[in-house]
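Me: I've got a new model on my screen and I'd like to learn how to read it. Could you walk me through it, one feature at a time?

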Amino acid sequence: MPKSHPSKNNRSTSAHSSNNRNENNVSTRVSAEIQSATFLGPIPHPAILEGYEKIVPGAAERILIMAESSMKHQQQYDNALLEASKNRQHEVRFLVF
């Protein structure tokens, strides 16, 4: 905030005091912008992935391998679950008849 300078003449007129106050009043406008982003998926956004690579060389490849491994595991789990569900349906049909 700017410092106000005292008047050289302590006995200034009221008009002068009024002008002095107007000169010392500082109007400040502050604005802010907030941005938010959400990324979904097994790998980070390319810009974020690039940031990891800059910090730890080879990190981007490791992250991609980790994502591929996770997806493969999820597919195997889903297939096993589907197969178990099919077997359960066959068991129920066998018991009903």
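**Reading the model**

Reply: Going along the sequence, the protein follows the pattern α-α-α. Helices (H or I, at least four residues) and strands (E, at least two) are DSSP runs, numbered from the N terminus. The protein has three helices and zero strands. Before we go on: this is a predicted model, where local features need pLDDT of at least 70, side-chain atom pairs count only at pLDDT 80 or more, and totals for chains, interfaces and linings use all residues. Residues are numbered from 1 along each chain as its sequence is written, and side-chain values use heavy atoms, with hydrogens and water left out.

Me: What is the average pLDDT of the protein, and where is confidence lowest and highest?

Reply: pLDDT is the predictor's confidence in each residue, from 0 to 100. Here the average is 79, and 69% of the residues score at least 70. By helix, α1 has the lowest confidence with a mean of 53, while α2 has the highest, at 95. Over residues 1-17 the pLDDT is below 50, and this stretch has five contacts in the model beyond near neighbours in sequence. Contact means heavy atoms within 4.5 Å.

Me: OK, what share of the residues is buried?

Reply: Buried means under 20% relative accessible area, exposed over 50%, and partly exposed in between (1.4 Å probe, protein chains only). Of the 97 residues in the protein, 5% are buried. Leu49, in helix α2, is one such residue, because its relative accessible area is 13%.

Me: Which residues does Leu49 contact, neighbours within four places in sequence aside?

Reply: Pro44, Ala60, Ile63 and Leu64. For Leu49 and Leu64, which sit 15 residues apart along the chain, the C-alpha atoms are separated by 9.4 Å.

Me: And Ile63, is it buried or exposed?

Reply: Ile63 belongs to helix α3 (residues 59-96), and its relative accessible area is 14%, so it counts as buried. Without neighbours up to four places off in sequence, its contacts are Pro44, Leu49 and Tyr52. Try the C-alpha distance to Ile43 as well: 7.2 Å in space, for two residues 20 apart in sequence.

Me: What does Ala67 touch, not counting residues up to four places away in sequence?

Reply: Ala67 touches Pro42 and Ile43. Ala67 is in helix α3 and is buried because its relative accessible area is 6%. From Ala67 to Ile43 the C-alpha distance is 6.3 Å, with their positions 24 residues apart in sequence.

Me: Let's go to the outside. How much area does the protein expose?

Reply: Accessible areas come from the Shrake-Rupley method with a 1.4 Å probe; for residues, only the protein chains shown count as cover. The protein exposes about 9700 Å², with 55% of that supplied by carbon and sulfur atoms.

Me: Which residues make the nonpolar surface patch?

Reply: Patches are made of residues with over 30% relative accessible area and no salt bridge: like charges are joined within 9 Å, nonpolar side chains (Val, Leu, Ile, Met, Phe, Trp, Tyr) within 5 Å. A salt bridge is a side-chain nitrogen of Lys or Arg within 4 Å of a carboxyl oxygen of Asp or Glu. Here Phe39, Ile48 and Tyr52 form a nonpolar patch of about 300 Å². Ile48 lies in helix α2, and at a relative accessible area of 40% Ile48 is partly exposed.

Me: Last one: where does Gln35 lie?

Reply: Look in the loop between α1 (14-24) and α2 (46-55). Gln35 has 68% relative accessibility, so it counts as exposed.
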